[in-house]
Amino acid sequence: MTINHRGVYKDLNVFFGDIHNHCNASYGYGSLEEAIVNAKLQLDFTSVTLHAVWPDMPVDDPNLSYLVDYHRKGFSKAYANWPSYLVQMDTFNQDGKFVTFPSYEWHSNEFGDHCVYYKKGLGNEIIDKPDLVSLREALHKAGSPAILIPHHIGYKQGYRGINWQTFTSDISPVAEIMSFHGSSESSEGAYPYLHSMGPRHEMGTAQFGWASGKIFGVIGSTDQHHAFPGSYGEGRLGVWASALTRDDIWEAIIKRRTYALTGDRIELAFSLNGHLMGDISPSAVNRMIEVAVTAGSNIDYIEVLHNNRVIHRECPLPNYTNQSTYKVFVEVGWGEKSDDTEWNVDLRVNNGNLLGVEPRFRGFRTKAESLNYKENVFTQWERITSQQVHFNTSTSANPNFLTPATAGISLEIQGNSETNLEIKVNELAFNHKLSDLINGSRTHYLGGFVSPAICIHQAVPESDYKHKFSFTHHHEGSQRDWYHIRVRQRNDQWAWSSPIWVEK
């Protein structure tokens with residue numbers, strides 16, 4: 001069956017955000033102003049979160065006194081900064097251009113960590129309650145629209161992982177399943193938990209929550225602590241909304257029209273019998289499932305899961321014949337561990353069309369005092385003309401062979417055998433034909449051995465990053481069941497959809 005690219009999503013737009021990250025307004029690094037500047041580099045909306053409450057903090061453990069002191073100092077700053085923070089978050093909000101929401105973090109060993117989000121800033125308070133039930137009741141009584149989103153849910157309950165027994169979807173429409181902590185869609189698979197807080201626990205995963213009958217969608221956010229919302233590869237969310245306004249983004253989250261991402265701007269549209277992700281469909285034996293994906297790079301596979309079991313997998317085969325549109329990722333970094341590198345990069349498409357630009361920039365991942373950077377705003381990019389993009393950034397060496405510290409920009413180019421990409425980087429200049437890049441990547445070094453380098457990645461044809469399919473699944477169950485989608489790219493960037501449920 002032929003389906004439209006977006007199908008039932010045709011009247012909606014996809015927007016990308018990060019609503020859980022931090023700066024020095026509580027504990028963290030970099031100012032709130034710097035965080036907003038960095039967020040605007042590659043996001044449509046954000047919330048910069050203040051650490052504020054931890055009712056069951058381990059104050060009696062002498063081995064954790066340093067941790068207690070650290071959090072208390074951060075909480076004190078959050079309360080002091082809260083009134084001005086609310087004013088600033090409302091000021092930063094510009095419907096139609098960039099959307100912001102105020103939020104604070106409520107930690108708990110017993111109930112798991114949650115972020116409290118307000119739809120608007122002024123008049124709201126940090127609510128300090130000893131348990132999740134009291135917090136929910138206080139938010140309901142506050143009179144201002146608020147939601148409560150659990151994050152890094154995959155830790156063991158009692159160790160700041162989610163407590164499903166106290167979870168309710170009335171004020172928690174979604175859960176954060178991807179951040180720098182890792183992925184908690186399931187207890188296995190990509191992006192395991194490597195933080196000092198511990199490994200993934202099966203009872204803390206999204207799949208366990210769904211199997212327990214809980215209704216919630218999914219999001220990703222970075223949980224970044226260095227004033228860089230949307231830091232590439234650490235977690236983001238996509239929402240399907242009518243427009244880029246506070247009201248519309250809020251409504252999309254409430255209705256669970258959301259999906260979790262690692263970094264690449266994967267556009268994921270998923271419907272069942274005409275229902276959008278996040279919906280609860282009426283009972284039906286025949287379920288028409290439609291999926292459309294526009295990825296950031298080569299699609300490795302797209303999986304459809306029913307009740308947490310894979311029932312369908314699509315693996316698009318590469319096709320380089322009769323293709324005219326490609327994505328080319330230009331990435332900078334590498335070099336010796338002791339050196340930071342300043343980059344000044346100009347990209348120009350000749351004899352072709354530059355259709356789209358996707359920035360992929362990272363923030364700090366180490367303590368600020370160990371960095372050579374003088375400030376937290378170290379990246380800028382601009383589309384100078386319809387054919388030309390320029391960016392400046394700084395990179396450090398990759399800390400190990402599994403943790404990248406690189407940055408760059410992906411270009412969507414329409415062209416032919418005469419199309420070429422002209423690159424000027426610092427004092428060097430290169431020129432590569434699109435027809436050559438189809439065969440594989442090209443690299444250049446700023447100097448000799450172990451000097452920083454630039455990589456012009458293989459040109460990915462549209463047939464390899466855009467795919468759609470549909471099929472009918474027959475199922476007659478005695479319980480409400482659910483479906484969700486997983487997308488994996490060959491560069492190990494992922495997307496996970498919110499489910500669609502079908503009544504029994």
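**A walk through the helices and loops**

Start by selecting helix α5, residues 246-254: R246, D248, I249, W250, A252 and I253 are its buried residues. Keep in mind as you look around that this is a predicted model. Now step just past the end of α5 to R256, where phi is positive, near 65°. That is worth a pause, since most residues other than glycine have a negative phi.

**Next stop: helix α2**

Select residues 65-92 to show α2. Where does this helix bend? Look at W82, where α2 bends by about 55°, and then find the proline P83, which follows within four residues.

Now colour the buried residues of α2: V68, H71, G74, F75, A78, W82, Y85, L86, M89 and F92. As you scan them, remember that an α-helix has 3.6 residues a turn, so residues three or four places apart point the same way. What covers these buried residues? The cover includes helices α1 and α5, along with strands β3 (49-53), β4 (99-100), β5 (103-106) and β6 (114-118).

**Add helix α1**

Show residues 32-39 as well, and you have α1 packing against α2 at an angle of about 25°, with the two axes 11 Å apart. That angle makes the pair roughly parallel. The crossing of α1 past α2 is right-handed.

To see the contact itself, turn on the side chains of L32, E33 and I36 in α1, then Y85, Q88, M89 and F92 in α2, which they meet. Five residues of this contact are nonpolar, one is polar and one is charged.

**On to L261**

Jump to strand β12, residues 258-261, and pick L261. Is L261 buried or exposed? It counts as buried, because its relative accessibility is 0%. Leaving aside residues up to four places away in sequence, L261 touches F16, M178, G220, G235, R236, L237, G238, I266, W494 and A495. For a distance to try in your viewer, go from the C-alpha of L261 to that of S103: they are 21 Å apart, with their positions 158 residues apart along the chain.

**Last stop: two asparagines**

Select N307, in the loop between β17 (299-306) and β18 (309-314). Although N307 is not a glycine, its phi is positive, about 50°. N307 counts as partly exposed because its relative accessibility is 27%.

Finish at N322, in the loop between β18 and β19 (325-333). N322 is not a glycine either, yet it has a positive phi of about 55°. With 79% relative accessibility, N322 counts as exposed.

Key:
Residues numbered from 1 in each chain as written. Predicted model: local features only at pLDDT ≥ 70, side-chain atom pairs only at ≥ 80, totals over all residues. Heavy atoms only, no water. Axes fitted to C-alpha atoms, helices over the stretch in contact; angles between N-to-C directions. Parallel < 35°, antiparallel > 145°, perpendicular 65-115°, else oblique. Left-handed = near helix turned anticlockwise from the far one by under 90°. Contact = heavy atoms within 4.5 Å. Nonpolar A, V, L, I, M, F, W, Y, C, P; charged D, E, K, R; others polar. Buried < 20%, exposed > 50% of the residue type's maximum accessible area, 1.4 Å probe, protein only. Bend = angle between axes of the 7 residues up to and from the residue.
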